[in-house]
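Work through the three exercises below with the coordinates open. Each task is followed by its solution in steps.

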Amino acid sequence: MTDITDIKLSNAQIAWRAAQDIEDGAYVNLGIGFPELVARFQPEDRQAIFHSENGVLDFGPAPPEGEENWDCINAGKKAITIKPGTSFFHQADSFAMVRGGHLDLAILGAYEVAQSGDLANWSTGRGGVPAVGGAMDLVQSAKRVAVLTDHVTRKGQPKLVAECALPLTGVRCVTRLYTSLATVDIVGGHFVLREKIPTISLENLQLVTGAPLHTDGPVVDLICPEALA
Amino acid sequence: MDKTIHAPAVAVSQIPDGATLMIGGFGGAGAPIELIHALIDHGAKDLTVINNNAGNGHVGLAALIEQKQVRKLICSFPRSADPVVFTEAYQAGEIELELVPQGTLAERIRAGGAGVPAFYTPTAYGTKLAEGKPQEEFEGRMYIRERWLKADFALIKGELGDPHGNLTYRMASRNFNPLMAMAATTTFAQVSRVVPLGGIDPEHVVTPGIFVSNVIEVADPAQEEELNRAKVVYP
């Protein structure tokens, strides 16, 4: 298997790439953890409105340590701040925004994504305490569902697969993947390669992908800011 | 009409063994710590608890679980910064878990409060959490049927309350609290301040008093995150 450790994008670079696709005025939910990074890389001439499913729209950055207000938190239970335009609402309204199709984009992490768009990201299936939160609501109802992920697992196994082996979060829901090696769309039950980092060949990228990578146009070089590497 | 009562203990002493209980909050925001701690002092056990989470550290809901008062938990996300109490009880088979997607949990509670016995949702379609649930197609898309959730009691936290039970909430502490207020037979609301009638602008009322049984003033309420930072263990 190809050694991709030295050439792959950092999480910050993957988040930066995802941020470039968010249009001005979009309503966006960022999953807990890695996807939260996307908010840092919004292009300056655009303003997305971020939704936090615990009941906040359009919030500000984390406060300095020691100035947290624990009634003002995001879905990751981290302290946030209000800003002009912030609104608070209860859980039924928050998920009416989700289920009702009012969110333009949800960005989540993944254990596995199948070429059909099936997503597994809530249970490793190995016991332990299962926890799902709002992921199943988000993936089934946001207009677009993007996944940020390493292209392979820590053990080097593909995360883009023919069929998910792990318990599903949602069926045929993912529309685009931003991975550590490539940008891939899901179209008609296929992975369609849009961009790849220039330091990997198409053949080697296919070797670390668990289902065929299709193309329906030019594959663009995926170039991210070096400073984020 | 005056729904104010003076102490959390007076409210929770009405809760019997085996009761089904909704407890407000998302993480520590909106968690009625003083009502939960009074319930621990009261000692009701064999409870079914509905909350988004499963407690954090050794205070609030985690402490209620640690005291072995909870038989079953209905929640969406039983993980936290310090989930050891629930995790150990779950792995020892001492507590039953019904895992519900967060939006479905919210809507089931809302439906319970609104008198709607069931509804269809696309959430969880095709997953393990939909197993055994009726499915139906609407406009070319598949949905699963979910049932309402109701409770004997709700313990919730507001910011201001008046003698009729009208409530406001502080920031994101609103979360499940207004829904749970609707869905329980008896709702106890702890508030940071009880104000006279007219003390809340009618346009600012979030939960109208019809959904609230009693209001208990707890000035300077404890916050779960701060208790955990100080490594508090209750009792």
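The exercises cover an interface, a sheet and a helix in a predicted model.

**Exercise 1. The A–B interface**

Determine how many residues of chain A are in contact with chain B, and which elements of chain A give two or more of them.

Solution. Step 1: counting contacts as C-beta pairs within 7 Å, 32 residues of chain A touch 39 residues of chain B. Step 2: on the chain A side, helix H2 (91-99) and helix H3 (135-141) each give two or more residues. Step 3: H2(A) gives the most, with 5 residues. Step 4: sorted by type, this side of chain A has 17 nonpolar, 10 polar and 5 charged residues.

**Exercise 2. A sheet in chain A**

Find the strand order of the open sheet of 3 strands in chain A, and explain which strands stand at the edges.

Solution. Step 1: the order is S7-S6-S9, and the pairing is mixed. Step 2: strand S7 (119-120) and strand S9 (160-161) of chain A each have a single partner strand, so one side of each lacks a neighbour in the sheet and both are edge strands. Step 3: strand S6 (residues 112-114) of chain A runs parallel to S9(A), paired over 2 bridges. Step 4: A:Ala114 has A:Val161 of S9(A) as its bridge partner.

**Exercise 3. Helix H4 of chain B**

List the buried residues of helix H4 (residues 84-91) of chain B and state what they pack against.

Solution. Step 1: the buried residues are B:Val85, B:Phe86, B:Ala89 and B:Tyr90. Step 2: their arc around the axis is only 120°, so they lie on the same side of H4(B). Step 3: an α-helix has 3.6 residues a turn, so residues three or four places apart point the same way. Step 4: the buried residues of H4(B) pack against helix H3 (60-66) and strand S5 (96-99) of chain B. Step 5: just after H4(B), B:Gly93 has a positive phi of about 70°.

Methods:
Residues are numbered from 1 along each chain as its sequence is written. Chains are lettered from A and ligands numbered from 1 in the order in which they are written. This is a predicted model: local features need pLDDT of at least 70, side-chain atom pairs count only at pLDDT 80 or more; totals for chains, interfaces and linings use all residues. Helices (H or I, at least four residues) and strands (E, at least two) are DSSP runs, numbered from the N terminus. Ala, Val, Leu, Ile, Met, Phe, Trp, Tyr, Cys and Pro count as nonpolar, Asp, Glu, Lys and Arg as charged, and the others, Gly among them, as polar. Two strands pair if DSSP finds at least two bridges between them. A residue is buried if 20 or more other C-beta atoms lie within 10 Å of its own, exposed if 12 or fewer, and partly exposed in between; C-beta atoms are placed from the backbone. The arc is that of the directions from the helix axis to the C-beta atoms.
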